[in-house]
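Please look through the sequence and the structure shown here, and then read the report that follows with both of them in view.

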Amino acid sequence: MAKSHVVAKVPSIVSNLLLFGILIATFTTTGAQIGVCYGTLGKNLPTPREIISPYNQNDVKRMRLYCPNNDAVKALRGSNIELMLCVENERLQDIASNQASADDWVQKYVITYGNVNFKYIAVGNELNATGPLAPFVGPAMENIQNAISKAGLANKIKVSIAVYPIILQECPPPSKESFKLDYQPFLDPIISFLVRKPISVVS
Ligand SMILES: *[C@@H]1O[C@H](CO)[C@@H](O)[C@H](O)[C@H]1NC(C)=O
């Protein structure tokens with residue numbers, strides 16, 4: 001029974017695939033790679049351990065988690081699946097204004113887990129780019145990067161963001177995509193962060 005449930009869930013997981021593909025394509029110079037978003041809000045979801053097998057069966061090597069989730073991250077221990085973990089939007093202001101908060105976040109949700117293949121920390125989760133939290137994204141990226149660097153993980157874990165698709169021109173394929181000019185005030189500090197940290201944009 002558990003198994004058929006997992007299979008039934010796969011299409012809804014896969015429907016998020018395109019967005020994730022776009023996201024990853026931004027950060028790699030060797031072509032897009034496939035990842036699947038693992039949403040943990042909902043009823044009657046498969047357990048985290050049950051989630052891993054469709055990833056392996058379908059040769060999906062990347063997972064995105066929308067927020068820290070102890071059980072989901074623990075289920076990845078010892079697997080080769082690369083994890084993109086998002087910083088929760090409600091933590092952005094605190095993390096942007098307080099290096100110690102960024103350090104705590106990285107300690108609690110990343111360093112704690114040995115043997116998990118963290119690859120990206122996405123700062124914020126598809127937040128409103130003209131809303132009140134938008135100005136905190138750039139500074140929060142800086143502080144998360146500082147925390148990652150202090151932990152000696154800068155070569156392993158890249159700091160990035162997950163954008164809400166509304167800021168894109170939406171002209172696929174991803175290689176032809178560009179941002180709408182309206183969102184330049186939101187993107188400028190983020191792009192300047194990425195430019196100053198060239199290591200962040202190379203897979
Ligand atoms: C984003 O924030 C702006 C400013 O607060 C607001 O006017 C707009 O409706 C918000 N957009 C969405 C999609 O929530």
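## A report on the predicted model

In this predicted model, the residues found around the ligand are Asn128, Thr130 and Gly131. From Asn128, a polar side-chain atom comes to 2.4 Å from an oxygen atom of the ligand. The ligand taken alone exposes 360 Å², and the protein buries 31% of that area.

**A strand enclosed by the structure**

Strand S5, which covers residues 158-162, is largely enclosed by the rest of the structure, because five of its five residues are buried. The cover extends to both faces of S5, since the buried residues are Lys158, Ser160 and Ala162 on one side, and Val159 and Ile161 on the other. Strand S4, made of residues 118-125, pairs with S5 in the parallel sense, and four bridges join the two strands. Within this pairing, Asn125 stands opposite Ala162 of S5. To pass from S4 to S5 the chain goes through helix H7 (residues 137-150), and the β-α-β crossover formed in this way is right-handed.

**Cysteines without a bond**

A disulfide is a covalent bond between the sulfur atoms of two cysteines. How many disulfides does a search of the whole structure find? The search finds zero disulfides. For Cys67, the closest cysteine sulfur is that of Cys86, and because it is 8.3 Å away, the distance is too far for a bond. Cys86 is likewise in no disulfide, and its nearest cysteine sulfur, which belongs to Cys37, is 8.1 Å away. As for their surroundings, Cys67 is partly exposed, with a relative accessible area of 28%, whereas Cys86 is buried, with a relative accessible area of 0%.

**Backbone details in the loops**

The peptide bond that leads from Pro172 to Pro173 is cis, with an omega near 5 degrees, and Pro173 is found in the loop between S5 and helix H8 (184-196). Two further loop residues have a positive phi although they are residues other than glycine, namely Asp59 and Asn115. Asp59 has its place in the loop between helix H3 (48-57) and strand S2 (62-65), while Asn115 lies in the loop between helix H6 (99-111) and S4. The table sets out their values.

| Residue | Phi | Relative accessible area |
|---|---|---|
| Asp59 | near 60 degrees | 54%, exposed |
| Asn115 | near 65 degrees | 60%, exposed |

Terms used
Residues are numbered from 1 along each chain as its sequence is written. This is a predicted model: local features need pLDDT of at least 70, side-chain atom pairs count only at pLDDT 80 or more; totals for chains, interfaces and linings use all residues. Side-chain values use heavy atoms; hydrogens and water are left out. A residue is near a molecule or strand if one of its heavy atoms lies within 4 Å of it. A polar contact is a pair of N or O atoms within 3.5 Å; within protein, one must be able to donate a hydrogen and the other to accept it, and residues adjacent in sequence count only if both atoms are side-chain atoms. Accessible areas come from the Shrake-Rupley method with a 1.4 Å probe; for residues, only the protein chains shown count as cover. Buried means under 20% relative accessible area, exposed over 50%, partly exposed in between (1.4 Å probe, protein chains only). Two strands pair if DSSP finds at least two bridges between them. A crossover is right-handed if, with the strands pointing away from the viewer, the path from the first strand over the helix to the second runs clockwise. A disulfide is a pair of cysteine sulfur atoms within 2.5 Å.
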